[in-house]
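User: Please take a close look at one part of this model, a single helix and what surrounds two of its residues. I would like one connected account.

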Amino acid sequence: MKLILNVSEQQMKDLQNASLGTNKSYEDFLFGIFYENLHNPVERLTEIMEDGYEKDLDKFSQLLDWYFLESIKDLKDVSKTSESYDTDYVMIKIMDKIRSDYLHNVKMMTSLYDEFRKNYKDEI
């Protein structure tokens, strides 16, 4: 089966540059990205839901968010003391960015959930 993509010259150059050094064809390169970032995470999420662990994943997500909020709060408190580092304010911004942009990403969340479950067997 053939797939024809309508891409601009710049997109083709970007693809070529991105795939340099991978020793992969454009097809293998593109589909590797597709499977790694979309297909596999969605498939894992579907497995979690079909196995009845959707609520467990939701609880884990809430727990992780709580840990980030507590860490941010603690860092804000420490940043006001003599024990602060120059990077405290920036790290608070980074942690906020992780919470808002990355913890809702299917690939990130399923990977973190699997790691959590591998190391914590009790009910959340």
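Analyst: What follows deals with helix H5 and then with its surroundings. The model is predicted.

Helix H5 covers residues 106-119. Two of its residues are taken here: Val106 lies in H5, and Thr110 does too. Their exposure is not alike. Val106 is partly exposed because its relative accessibility is 33%, between the limits of 20% and 50%. Thr110 is buried because its relative accessible area is 5%, under the 20% limit.

The two residues are linked by a polar contact: a polar atom of the Thr110 side chain lies 2.8 Å from the backbone oxygen of Val106. The Thr110 side chain also reaches the backbone oxygen of Lys107, at 3.3 Å. Residues three or four places apart in an α-helix point the same way, because there are 3.6 residues a turn. Leaving out residues up to four places away in sequence, Thr110 touches Pro41, Arg44, Leu45 and Ile48.

Val106, for its part, belongs to a nonpolar surface patch of about 1000 Å², whose other members include Leu3, Met12, Phe34, Leu38 and Val42. Helix H2 supplies the largest share of this patch, 7 residues.

H5 also takes part in covering helix H3: together with H2 (26-50) and H4 (88-102), H5 is among the elements over the buried residues of H3. Those buried residues are Asp56, Leu57, Phe60, Leu64, Phe68, Ile72 and Leu75. H3 itself runs from residue 54 to 78, and its 25 residues reach 36 Å from first C-alpha to last, close to the 36 Å expected.

Conventions: Residues are numbered from 1 along each chain as its sequence is written. This is a predicted model: local features need pLDDT of at least 70, side-chain atom pairs count only at pLDDT 80 or more; totals for chains, interfaces and linings use all residues. Side-chain values use heavy atoms; hydrogens and water are left out. Helices (H or I, at least four residues) and strands (E, at least two) are DSSP runs, numbered from the N terminus. The expected span of a helix is 1.5 Å times one less than its number of residues. Buried means under 20% relative accessible area, exposed over 50%, partly exposed in between (1.4 Å probe, protein chains only). Contact means heavy atoms within 4.5 Å. Patches are made of residues with over 30% relative accessible area and no salt bridge: like charges are joined within 9 Å, nonpolar side chains (Val, Leu, Ile, Met, Phe, Trp, Tyr) within 5 Å. Accessible areas come from the Shrake-Rupley method with a 1.4 Å probe; for residues, only the protein chains shown count as cover. A salt bridge is a side-chain nitrogen of Lys or Arg within 4 Å of a carboxyl oxygen of Asp or Glu. A polar contact is a pair of N or O atoms within 3.5 Å; within protein, one must be able to donate a hydrogen and the other to accept it, and residues adjacent in sequence count only if both atoms are side-chain atoms.
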